[in-house]
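Trainee: Please take me through one part of this model in close detail. I would like to follow a single region from its side chains out to its surroundings.

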Amino acid sequence: LYQKDCGNLTQQFRLGAFVQYGSAYLVEQWAPQGEYARWADPFLTMLEQFGPGDSALDPAAINTGDTAAEAGEGADGEAAPPPLAALPLAHLFVNDLFLGTLDSLPGRSVTNAPTVERRHLTFSPDGLYLAFIDVTDAKLRTLHAIEGRSPRLVAEAVDVRFPPAWSPDSQRVAFALPTDDPATVELHAAPALGGEAQRLGALSLAGDCPTETVSDPASRAYSTEAGLPGRDQVLVWLPGDLFLVSTRCDGGIGVLSLADGSITELGGDLLSGAISPDLGRFLARTAGGLAVLDFTTWQRTDWATEQPPQQIAWGADGQRAYYATAESIDSVTLEGEANAERGEAVFGAWPVTVEVYDLALVRIDLTSGEQQVIWEGRGRGIGRITAAPDGSGVLFSVIPDSLPLVEVFQAGADPRARHELWPVPALYWLGASESEARLLAYAGQPAFAPVTVAPPAGEAATEEANVG
């Protein structure tokens, strides 16, 4: 926001920028300074609805004069990586929601307000609808993923700790609403694209809920990507009018029956997790490993892991899963009165402690328990994992650490001028037949639409060959 004199008045300006169809757009909005407050919300609404025309440049029609290597070879003559499949995908790019395909990121933007924090990108089981939560405004929105229209407002004042939950038939979306009692949450459901909501029931969420208290910019970015503290509360709509829900902020998962409002505890040690593609099993984190809950047999299978698992995801075939680990290897603390004022201005807190972690992405066979590290790196953490529905590979977002910011600060410079150093999610792709991950975009919260596509020839057979 900025001001400019205009005759006898002062104008208040707002600049909005977004990317769509590979082009950048700058939107300028203004009003008399004394009236700007009542225009602020309409301006945001206008940005949400604004978009360029349907026309787009055809890259094939542009002669760049490029003399790249022949098809099938990289720039250095090495074999090019396998082509990416056109799998429908949602993600956050420059803080806005984008829809596209794996082979054409970033895709098209469906929101145009990058100042709003968004989380919980959730496709319906049939892949036609997408729900997400505007955390800044505590609003639930949905959209039809194919029609290309603007998102619809479904509910306001929602409990942003819980993701939206689609009904098994994809016709309704459930959400949590806070109550006057901090330990009680109400569940409501509305039609897929909005309409009259229905109260379904209530649940108690005991225990102390975490709050954002970290000073490390990378840890704040990690919490935005992965939830606090590195996990989200559980809300899954199961067949038979049952819900899988968190029972405590600090752990515990149960099954809520809408018929009588009762909750059957499944384990106080279950921290968070992911539902299987067929809605028949739930993969949960524990302090020492993973637990698979089978809703057909109501049996639990536990697998120990060398490091505590953080983010987890199912493989496309339901027989494998992925989990991330992080082991702290370095820590730096900035403190002292001499730099307190400058540090508070730069980091928003003082003193500041940043940590660097050894990161790993591990694949586990849920039949034999065999585990294999398929990717390793360093940073703050792996924020999200999502497997391609055709079995061709896995997407994961990595949050870098804040050590470069600390080094600039210690050198006496201002890290705020080094935008490229501030931690943002980096989206990587690791193909089933590839040994190295590819950086696709600086984007986060990836979510594949649950489409069924035949795997590329040879991919299923070569997945075991991936050794990271």
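**The helix region**

Mentor: Let's begin with a charge and a ring: Arg342 has its charged end over the ring of Phe409, 3.8 Å from the centre. To count, NZ of Lys or CZ of Arg must be within 6 Å of the ring centre and within 35 degrees of the ring normal. Keep in mind that this is a predicted model, where local features need pLDDT of at least 70 and side-chain atom pairs count only at pLDDT 80 or more, while totals for chains, interfaces and linings use all residues. Residues are numbered from 1 along each chain as its sequence is written, and side-chain values use heavy atoms, with hydrogens and water left out.

Phe409 also belongs to a cluster, in which ring pairs link Phe347, Trp350, Phe409 and Trp422. Rings of Phe, Tyr and Trp (its six-membered ring) pair with centres within 6.5 Å, as stacked under 30 degrees, edge-to-face over 60 or tilted otherwise. The structure holds 10 aromatic pairs.

Phe347 leads us to helix H3, which spans residues 340-347. Helices (H or I, at least four residues) and strands (E, at least two) are DSSP runs, numbered from the N terminus. In H3, Phe347 is buried, and so are Ala340, Gly343 and Val346. Buried means under 20% relative accessible area, exposed over 50% and partly exposed in between, with a 1.4 Å probe on protein chains only. Look down the axis of H3 and you will find its buried residues within an arc of 130°, so they line one face of the helix. That arc is taken from the directions from the helix axis to the C-beta atoms. The cover over these buried residues includes helix H2 (217-226) and helix H4 (403-410), together with strands S24 (320-334) and S25 (352-365). Just past the helix, Gly348 follows H3 with a positive phi, near 75°.

From here, let's step across to H2. Eight of its 10 residues are buried, so H2 is largely enclosed by the rest of the structure. The buried residues are Pro217, Ala218, Ser219, Ala221, Tyr222, Ser223, Glu225 and Ala226. H3 and H4 are part of what covers them, and so are strands S7 (118-123), S27 (381-387), S28 (393-399) and S31 (443-448). At the N-terminal end, Asp216 caps H2, with a side-chain oxygen 3.0 Å from the backbone nitrogen of Ala218. After the other end comes Gly227, whose phi is positive at about 100°. H2 also offers a ring to a charge: Arg380 lies over the face of Tyr222, 4.6 Å from the ring centre.

Glu225 deserves a pause of its own. This H2 residue is buried, with a relative accessible area of 3%. Outside its neighbours up to four places away in sequence, Glu225 touches Arg119, Gly383, Arg384, Ser397, Ile399, Pro425, Gly444, Gln445 and Pro446; contact means heavy atoms within 4.5 Å. Ser397 is 172 residues from Glu225 along the chain, yet their C-alpha atoms are separated by 8.5 Å.

Two of those names, Arg119 and Arg384, come back with Asp232. That residue is in the loop between H2 and strand S15 (235-238), and Asp232 is buried too, with a relative accessible area of 16%. Its side chain makes a polar contact of 3.0 Å with that of Arg119 and another of 2.8 Å with that of Arg384. Such a contact is a pair of N or O atoms within 3.5 Å; within protein, one must be able to donate a hydrogen and the other to accept it, and residues adjacent in sequence count only if both atoms are side-chain atoms. Beyond neighbours within four places in sequence, Asp232 is in contact with Ala226 and Gly227, as well as Arg119, His120, Arg161, Ser272 and Arg384.

One of the strands covering H2, S31, has a place in an open, antiparallel sheet of four strands with the order S6-S5-S4-S31. S31 and S6 (108-109) are the edge strands, each pairing on one side only. Pairing asks for at least two DSSP bridges, and S5 (residues 96-101) and S6 are joined antiparallel over two. In that pairing, Leu99 stands opposite Arg108 in S6.

To place the region in context, the protein chain has five helices and 31 strands. Of its 468 residues, 49% count as buried. Among contacts with a separation of 6 or more, 48% come from residues 24 or more positions apart.
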